[in-house]
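Reader: Could you walk me through how this fold is put together? Let's keep it quick and casual.

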Amino acid sequence: MSDIKTLYTANVHVTGGRDGSARSSDSRLDLKLSTPGGPGQGTNPEQLFAAGWSACFEGAMAIAARQKGVTLPSDTAIDAEVELRQGADGFSLAARLNVSIPGVELDVARQLIETAHRTCPYSKAIKGNIDAVVALV
C-alpha cells in the first residue's frame, strides 16, 4: 500500500501550443502563449517554468527556515533563468536560480538553499534531467 497522498492537482487546458492560450479549470490562470523572442504578447513555457520553480523553491526555503528556527527576511528573492537550448540531440532546457537571502548568516543561508533544493518538488523533478544550478548571490 502506498503512503503517497495527492495534495493538489492542477488542471490546465492548452490550445495552439507555443502560440496559443492556457486556461486552468478554476480560471485563475488564463493567458496567451507566445514563442520566446517572437512577436506575440503572451508568456512562454520557459517563463512559466521559471516562475513555478522559483515560487516553489522559496516555499521550500521557508519550510526549511521554520524547521531551523530562522525567519526569512521579507526581501528574500529569487531570480530564475531558464534557457531553451538546441543541440545535436534536439531541444533541451537549462536553469539557474540566483537566491538572495539578505541579513541571514552565509552558512545558514547555504543550509536553507541546500535543504530547499533537496525538498522542492521542482528541484526533484529536474534532478539529473537538465543542467540546473542553484546559487546564493
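Reader: Which handedness does the crossing of H1 and H2 have?
Author: Helices here are DSSP runs of H or I with at least four residues, strands are runs of E with at least two, and both are numbered from the N terminus. A crossing counts as left-handed if the near helix is turned anticlockwise from the far one by less than a right angle, and as right-handed if clockwise. For H1 passing H2, the crossing is right-handed.

Reader: Before we go on, what kind of model is this?
Author: Residues are numbered from 1 along each chain as its sequence is written, and side-chain values use heavy atoms, with hydrogens and water left out. Local features need pLDDT of at least 70, side-chain atom pairs count only at pLDDT 80 or more, and totals for chains, interfaces and linings use all residues, since the model is predicted.

Reader: Is H1 roughly perpendicular or oblique to H2?
Author: Axes are lines fitted to C-alpha atoms, for helices over the stretch in contact, and angles run from 0 to 180 degrees between N-to-C directions. H1 and H2 pack at about 120 degrees, with their axes 8 Å apart. Under 35 degrees is roughly parallel, over 145 roughly antiparallel, 65 to 115 roughly perpendicular and the rest oblique. That makes H1, relative to H2, oblique.

Reader: Which strands stand at the edges of the sheet?
Author: Strands pair if DSSP finds at least two bridges between them. The open sheet has 3 strands in the order S4-S5-S6, with mixed pairing. Two of them have a single partner strand each, so one side of each is left without a neighbour in the sheet: they are S4 and S6.

Reader: How many bridges join S4 to S5?
Author: S4 and S5 form a hairpin with 2 residues between them. Glycine 87 has glycine 90 as its bridge partner in S5, and glutamate 81 stands opposite arginine 96. The two strands run antiparallel, and the number of bridges joining them is 11.

Reader: Which element gives the most residues to the largest nonpolar core?
Author: Such a core is a set of buried (under 20% relative accessible area, 1.4 Å probe, protein chains only) Ala, Val, Leu, Ile, Met, Phe, Trp, Tyr and Cys residues joined through side-chain atoms within 4.5 Å. The largest one has 23 residues, and those with the most contacts inside it include Trp53, Phe57 and Val99. Elements giving two or more residues are H1, S4, S5 and H2. With 7 residues, the top contributor is H1.

Conventions. Buried means under 20% relative accessible area, exposed over 50%, partly exposed in between (1.4 Å probe, protein chains only).
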